[in-house]
Amino acid sequence: MRIVTDLLLAGVDLVEAEVRALRAGTMKLIMAIGIFAVSLIFIIAAMALVLWGFYLLLAWAINPTASAFLTAAISLVLAIILAVIAKSLVK
């Protein structure tokens, strides 16, 4: 009977330790996702500013309508290239 009790207590201790490790891992994952989300916001803002600067540079050199078209076309080409790269990584 004592062996069964010791085995049961060891199992409960193991489950408790695993839950504690899972909780710590979950907190680290939540923090990593939060930091990643903030960095993604900064990346989007930086890309918007780069495109805006590129537009202003082109608007100074050529027609503003043409510079808007060129900026959009370059953005579209970059987006398509990144989508193809992402699709190839999934395979």
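**Figure 1. Two helices and zero strands make up the secondary structure of the chain.** The model is predicted. Helix H1 covers residues 2-61. Helix H2 covers residues 64-90. The C-alpha trace spans about 90 × 30 × 10 Å along its principal axes. The chain has a radius of gyration of 27 Å, whereas a compact globule of 91 residues would have one near 12 Å.

**Figure 2. Of the 91 residues of the chain, 3% count as buried.** The chain exposes about 8000 Å². Carbon and sulfur atoms supply 82% of that exposed area. The close-ups that follow take up single residues and one surface patch.

**Figure 3. Thr-71 is a buried residue of helix H2.** Its relative accessibility is 9%. Buried means under 20%, so Thr-71 falls in that class. Which residues does Thr-71 contact, leaving aside its neighbours within four places in sequence? They are Leu-51, Phe-54, Tyr-55 and Leu-58. These four contact residues lie within the span of helix H1, residues 2-61.

**Figure 4. A nonpolar patch of about 1100 Å² lies on the surface.** Phe-54, Leu-57 and Trp-60 are among its residues. Ile-74, Val-77, Leu-78, Ile-81, Leu-82, Ile-85 and Leu-89 complete the patch. Helices H1 and H2 are the elements that give two or more residues to this patch. Which helix gives the most? Helix H2 does, with seven residues. Phe-54 appears here as a patch member and in the previous view as a contact of Thr-71.

**Figure 5. Ile-85 is a partly exposed member of helix H2.** Its relative accessible area is 43%. Partly exposed runs between the buried limit of 20% and the exposed limit of 50%, so Ile-85 belongs to that class. Ile-85 is also one of the residues of the nonpolar patch. Thr-71 is in helix H2 as well, but Thr-71 counts as buried.

**Figure 6. Leu-40 of helix H1 is viewed together with Lys-87.** Is Leu-40 buried or partly exposed? Leu-40 counts as partly exposed, at 39% relative accessibility. Leu-40 and Lys-87 are 47 residues apart in sequence. In space, their C-alpha atoms are 20 Å apart. Lys-87 falls within the residue range of helix H2, 64-90.

Note on methods
Residues are numbered from 1 along each chain as its sequence is written. This is a predicted model: local features need pLDDT of at least 70, side-chain atom pairs count only at pLDDT 80 or more; totals for chains, interfaces and linings use all residues. Side-chain values use heavy atoms; hydrogens and water are left out. Buried means under 20% relative accessible area, exposed over 50%, partly exposed in between (1.4 Å probe, protein chains only). Contact means heavy atoms within 4.5 Å. Patches are made of residues with over 30% relative accessible area and no salt bridge: like charges are joined within 9 Å, nonpolar side chains (Val, Leu, Ile, Met, Phe, Trp, Tyr) within 5 Å. Accessible areas come from the Shrake-Rupley method with a 1.4 Å probe; for residues, only the protein chains shown count as cover. A salt bridge is a side-chain nitrogen of Lys or Arg within 4 Å of a carboxyl oxygen of Asp or Glu. The radius of gyration is taken over C-alpha atoms; the globule rule is 2.2 Å times the number of residues to the power 0.38.
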